[in-house]
Amino acid sequence: MPQHIVAVGGSDAGISAALRIRELDPTAEVTVVVADAYPNFSICGIPYYVSGEVAHWTHLAHRTAEDLAATGMRVVTDTTATKINVTEHTLDVLDPTGNPQQLGYDALIVGTGAVSVHPPIAGLTGPHALGPADGVHLLHSMGDTFAVMDSLQQRDPKTAIIIGAGYIGLEMAEALTLRGIAVTQVEALPEVLPTVDPELGALVHTELQRHGVEVLTATTVNAISNTDTGALTVNAARDGETITRTVDFVLVVVGVRPDTELAADAGAELGVKGAIVVDDAMRTNLPDIYAAGDCVHTHHRLLGSTWLPLGTTAHKQGRVAGENAIGGDARFAGSLGTQVVKVFDLVAARTGLREHEAIAAQRGWAPVTTASAPDDHKAYYPGATPIHTRITGDQSSGLLLGAQLVGHRGAEIAKRVDTYATALYHHMTIPEFSSLDLSYTPPLGSPWDATQIATQTWSRDHQRGLRPLPG
């Protein structure tokens with residue numbers, strides 16, 4: 001008798017699990033339960049649809065409904081999972097008409113993802129909270145996206161405030177600016193893009209300003225209210241000073257939290273940041289129940305258990321969960337937190353640990369960081385630009401611990417951070433990094449690539465007693 005696997009969640013983890021199951025066992029029956037009507041859509045692509053660079057929302061689908069059906073999986077949309085019956089191996093759901101149904105399973109994969117954080121701002125909570133009808137939006141789903149687009153078309157805003165300057169906030173600042181909207185970006189922390197060191201975040205800050213974005217850092221929004229004209233007043237505080245802006249549109253993107261209610265109600269153990277605890281096979285503590293994606297904690301190859309919601313991680317974890325749900329023995333190898341973002345003409349990226357993160361890990365390292373700014377290619381070829389790089393390593397052993405880069409969008413920042421990520425994956429030392437055989441041609445690089453010049457600078461600063469590097 002064929003196995004029946006049920007996956008809850010139609011984003012990266014759930015669909016990746018279902019695809020892997022169908023690859024390995026075409027006789028297995030796979031049902032994917034999706035709460036909305038948009039399975040396998042790229043949430044990461046939403047800012048580019050808002051900006052107009054992606055012409056139609058359907059283009060955000062990694063695969064069409066027909067593509068998914070052709071694999072042999074069954075996808076049920078607009079269906080809400082309400083309860084996992086662990087002993088009975090059944091899942092209670094509400095079908096699109098609201099009627100209760102029950103699905104039996106041999107194994108269940110929870111891929112419920114994450115939901116937007118609602119910050120404690122007056123006007124965002126309570127029975128009279130402002131919402132899309134007022135021009136106040138969160139952004140994490142396709143439903144949120146349609147609400148944003150409706151608001152942009154109907155309100156035709158000329159001014160906007162974005163609360164939050166992480167990845168999505170920065171991408172949306174660019175998207176709204178490209179639509180001709182004057183944007184103010186507010187960040188509670190001292191600098192934008194707080195996933196990199198402030199020295200690099202400051203470069204992104206300047207790029208935002210260069211494109212007309214007003215940037216307010218170290219600024220906490222405390223209230224949003226309607227005006228008599230239908231505009232929105234945003235009150236904030238910075239260094240004891242009250243800051244007020246009146247705008248037509250407000251976007252709140254201050255982060256997400258794991259969506260674990262379904263699993264937790266069934267008895268799943270929760271851990272870091274309230275995420276579901278899984279082992280490296282993506283098993284929960286519940287029999288025949290796996291979990292993957294933004295709802296679970298992440299094995300970090302340098303830190304151990306953490307919570308790090310990333311699409312790349314969700315795809316890998318989903319694939320592992322799917323394979324093991326049908327009796328396999330796959331393992332999630334771990335994350336390094338490799339991330340990259342484009343902000344107008346700059347690209348910022350990071351992988352591994354920053355110095356303060358490495359210190360907090362208490363792994364016996366003596367982490368130190370060196371900054372450098374090598375050119376992306378030979379200076380004699382026109383158009384060379386600096387790549388502002390920060391390398392963190394263990395001063396005792398020379399072990400590479402992390403890298404951060406900011407450079408022009410033409411400087412292949414994503415390729416270069418991936419080179420560092422590969423070295424981190426294989427536990428390379430910083431001196432060993434210089435032995436990598438990397439490509440070179442004057443329009444694209446140097447005999448010592450910019451990545452190697454940065455690591456050699458670290459070695460000169462922190463390991464003078466070692467054998468000198470060649471060249």
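In which strand does Gly352 lie? I looked this up at the outset and found Gly352 in strand β22, which covers residues 346-352; helices (H or I, at least four residues) and strands (E, at least two) are DSSP runs, numbered from the N terminus.

**Ground rules**

I note that this is a predicted model, in which local features need pLDDT of at least 70 and side-chain atom pairs count only at pLDDT 80 or more, while totals for chains, interfaces and linings use all residues. Residues are numbered from 1 along each chain as its sequence is written, and side-chain values use heavy atoms, with hydrogens and water left out.

**Gly352**

I checked whether Gly352 is buried or exposed. Gly352 is buried, with a relative accessible area of 2%, where buried means under 20% relative accessible area, exposed over 50% and partly exposed in between, with a 1.4 Å probe and protein chains only. Leaving out residues up to four places away in sequence, I find that Gly352 touches Leu302, Leu336, Glu357, Leu401, Gly402 and Leu424, contact meaning heavy atoms within 4.5 Å. I also looked up Pro447, which is 95 residues from Gly352 along the chain, and the C-alpha atoms of the two are separated by 25 Å.

**The chain as a whole**

I turned next to the overall build, where the secondary structure comes to 12 helices and 25 strands. Taken along the principal axes, the C-alpha atoms fill a box of roughly 70 × 60 × 40 Å. The chain has a radius of gyration of 24 Å, which agrees with the value near 23 Å that a compact globule of 471 residues would have; the radius is taken over C-alpha atoms, and the globule rule is 2.2 Å times the number of residues to the power 0.38. Buried residues make up 52% of the 471, and among contacts with a separation of 6 or more, 61% join residues 24 or more positions apart.

**The open sheet**

What is the order of the strands in the open sheet? I read it as β9-β16-β10-β11-β12, 5 strands with parallel pairing, two strands counting as paired if DSSP finds at least two bridges between them. The edge strands, each pairing on one side only, are β9 (136-138) and β12 (214-216). From one strand to the next the twist averages 20°.

I then went through the pairings. Strands β9 and β16 run parallel and are joined by 3 bridges, with Val136 opposite Val250 in β16. Between β10 and β16, also parallel, there are 4 bridges, and Ile163 stands opposite Val252 in β16. Strands β10 (residues 159-163) and β11 (residues 182-186) pair in the parallel sense over 5 bridges, with Ala160 facing Val183 in β11.

Two helices pack on this sheet. Helix α4 (residues 142-155) touches β9 and β16 (249-252), and its direction makes about 155° with that of β9; axes are lines fitted to C-alpha atoms, for helices over the stretch in contact, and angles run from 0 to 180 degrees between N-to-C directions. Helix α5 (residues 167-178) touches β10, β11 and β16, at about 165° to the direction of β11.

Which way do the residues of β16 point? I see Phe249 and Leu251 pointing one way and Val250 and Val252 the other, and all of them are buried. In a regular strand the side chains alternate between the two faces of the sheet.

**Nonpolar cores**

A nonpolar core is a set of buried Ala, Val, Leu, Ile, Met, Phe, Trp, Tyr and Cys residues joined through side-chain atoms within 4.5 Å. I found 50 residues in the largest one, where Ile84, Leu91, Leu108, Ile109, Val110 and Ile276 touch the most other members. Helix α1 (residues 12-24) gives the largest share of this core, 6 residues. Apart from it lies another core, of 40 residues, including Phe41, Leu60, Phe146 and Leu176. Back at Val110, I list among its contacts Val8, Ile84, Ala263 and Ile276, not counting residues up to four places away in sequence.

**Two positive phi values**

I stopped at Met282, which is not a glycine yet has a positive phi, near 70°. Met282 lies in the loop between α7 (261-265) and β18 (289-291) and is buried, with a relative accessible area of 1%. Phe344 has a positive phi too, near 55°. I place Phe344 in the loop between β21 (339-343) and β22, and at 5% relative accessibility Phe344 counts as buried.
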